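Reader: I should like to understand how the terms used for a protein structure follow from the values behind them. May I put some questions to you?

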Amino acid sequence: MRNYWIRTMLKIADPVLENLARRTLKKNMPTVFHPDREMYMHLEALGRTVCGIAPWLELESVTGEEKALQDKYRELARKAIGEATDPASPDYMNFTEGYGQALVDAAFLAHGIVRAPEQLYRQLSADARKNLADALRATRKFTPFVSNWIFFSAMIEAALYVTGEADYDMTRVEYAVNMFRNWYVGDGMYGDGPNFHWDYYNSFVIQPMYLDVLRTFQDVREDYREQLAVCEKRASRYADILEKMIGPDGSYPVIGRSVTYRFGAFQLLSQAALQGFLPEHLPCEQARCALDAVIRKVMENEEMFDADGWLVPGVYGCQPGLAEGYICVGSLYLCESVFLALGLPAEHDFWKRPDCEWTSKKIWSGQDVRCDYAVD
């Protein structure tokens, strides 16, 4: 199963990383879908790809054939970041133009840096490190909307902090942390701002970034340790809910905005396995099998790729009607975040324990299961 996840993750990433390494991303990336988003799509594709594959790139206990693959993609990812942030590169990306979308896209790249600082920052050349820090700082010109966007600003500062930049801005971090304290609506869920929206943004952005911002700055702000414990309890409940939403065949409810991010909807469940905050009653092997079912269900429809291997909009195959006006080809690469658990070593129980059925499969085969309980 681990090998299948790796192959799938890299199949999705290949067009982005290989073209960037050859300095041909802007030349070859398709613009046929929502071409008005072309100025944003390259950074979207890079940031979202890196955000998902970062834990695997950072893992140090890899051996054999997987190690050879990891070495290859570590180098590809570093080349990609170098080209994206080098003003002299034909693939230099947009960190400053437009109404603020560059802040969003840079934040996913920043999240990848936070998840893999050794491989995606410290192993860069000195020039590339400087260019990256300069590019991230440039996004401070944008004022985020009062929504999940405030975590984009906070994540930029988290990346600057972990890279050792002295001018990280705690005001942007504190604003996000404090506002979302007020936007918790109960039972493991936050509103996207003061109102609750039925979508997957608690998994796409809010809880993954909330947790990692708190974890990054817990040595700077002592009260963040306590807040992290609170947020992990809530995230544990939300991970439990996500697992229950995976049907017996691996399908899941298609609800709300940005559903063309596909199995990126389950980022938080994969992060819970990676960071060890799955609920006690949800064994890690059950989470693995549920995630695997989703991945295989989505991937069985080969029409999710064009002839050159680029993602196309949809949930199951090509379904452009599901994509909002802000979705372009680059946006779709947030699906890579389902693979966070590949940051766990192959010897971990997540990978080693025998397969088992997940909650909905147990229920709809007539098995008796534990009652579900809400949390505060």
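Reader: Where does Ala158 lie, and why is Ala158 called buried?

Author: In this predicted model, Ala158 is part of helix 8. Buried means a relative accessible area under 20%. Ala158 has 0%, so Ala158 counts as buried.

Reader: Which residues does Ala158 touch, leaving out those up to four places away in sequence?

Author: Ala158 touches Val114, Thr216 and Phe217. Contact here means heavy atoms within 4.5 Å. As for Pro208, which is 50 residues from Ala158 along the chain, the two C-alpha atoms are separated by 13 Å.

Reader: At what angle do helix 8 and helix 10 pack, and which residues make the contact?

Author: Helix 8, residues 150-162, packs against helix 10 at about 35°, and the axes are 10 Å apart. From helix 8 the contact involves Phe151, Phe152, Ala154, Met155, Glu157, Ala158, Tyr161 and Val162. From helix 10 it involves Val205, Ile206, Met209, Tyr210, Asp212, Val213, Thr216 and Phe217. The crossing of these two helices is left-handed.

Reader: What makes the recurring spacing of three or four places in a helix meaningful?

Author: An α-helix has 3.6 residues a turn, so residues three or four places apart point the same way.

Reader: How do you know whether Gln207 is buried or exposed?

Author: Gln207 belongs to helix 10, residues 201-217. Its relative accessible area is 1%, and the limit for buried is under 20%; therefore Gln207 is buried. Apart from neighbours within four places in sequence, Gln207 is in contact with Gly188, Met189, Tyr190, Asn202, Cys231, Arg234, Ala235, Tyr238 and Leu268.

Reader: Why is Val220 called partly exposed?

Author: Val220 is found in the loop between helix 10 and helix 11 (223-245). Partly exposed is the class between buried, under 20%, and exposed, over 50%. Val220 has 33% relative accessibility, so it counts as partly exposed. Its contacts, neighbours within four places in sequence aside, are Tyr161, Tyr168 and Met170. Between Val220 and Leu132, 88 residues apart in sequence, the C-alpha to C-alpha distance is 23 Å.

Reader: How do you know that the length of helix 5 agrees with what is expected?

Author: The expected span is 1.5 Å times one less than the number of residues. For the 15 residues of helix 5 this gives 21 Å, and the end C-alpha atoms are 22 Å apart, which agrees. Helix 5 is also mostly covered, since 15 of its 15 residues are buried, each under 20%.

Reader: What makes Ser89 a buried residue, and where is Ser89 found?

Author: Ser89 is found in the loop between helix 4 (64-85) and helix 5 (101-115). At 7% relative accessibility Ser89 is under the 20% limit, so it counts as buried. The side chain of Ser89 reaches the backbone nitrogen of Asp91 at 3.0 Å. Not counting neighbours within four places in sequence, Ser89 is in contact with Arg23 and Glu83.

Reader: Why is Arg23 called partly exposed, and what is its phi?

Author: Arg23 has a relative accessible area of 38%, between 20% and 50%, and is therefore partly exposed. Arg23 sits in the loop between helix 1 (2-21) and helix 2 (25-28). Its phi is positive, about 65°, although Arg23 is not a glycine.

Reader: How do you know which class of accessibility Asp187 belongs to?

Author: Asp187 has 24% relative accessibility, so it falls between the limits of 20% and 50% and counts as partly exposed. Asp187 lies in the loop between strand 1 (184-186) and strand 2 (189-190). Asp187, although not a glycine, has a positive phi of about 50°.

Reader: Why are Thr143 and Gly276 called exposed?

Author: Exposed means over 50%. Thr143 has 69% relative accessibility, so Thr143 counts as exposed. Gly276 has 63%, so Gly276 counts as exposed too. Thr143 is in the loop between helix 7 (126-138) and helix 8, while Gly276 is in the loop between helix 12 (267-275) and helix 13 (284-299).

Reader: Which residues have the most contacts inside the largest nonpolar core?

Author: They are Trp5 and Phe263, in a core of 135 residues. Among the residues that Trp5 touches are Leu291, Ile295, Val338 and Phe350.

Definitions and conventions
Residues numbered from 1 in each chain as written. Predicted model: local features only at pLDDT ≥ 70, side-chain atom pairs only at ≥ 80, totals over all residues. Heavy atoms only, no water. Helix = DSSP H or I, 4+ residues; strand = E, 2+ residues; numbered from the N terminus. Buried < 20%, exposed > 50% of the residue type's maximum accessible area, 1.4 Å probe, protein only. Polar contact = N/O pair within 3.5 Å; in protein donor to acceptor, adjacent residues only side chain to side chain. Core = buried A, V, L, I, M, F, W, Y, C linked by side-chain atoms within 4.5 Å. Axes fitted to C-alpha atoms, helices over the stretch in contact; angles between N-to-C directions. Left-handed = near helix turned anticlockwise from the far one by under 90°.
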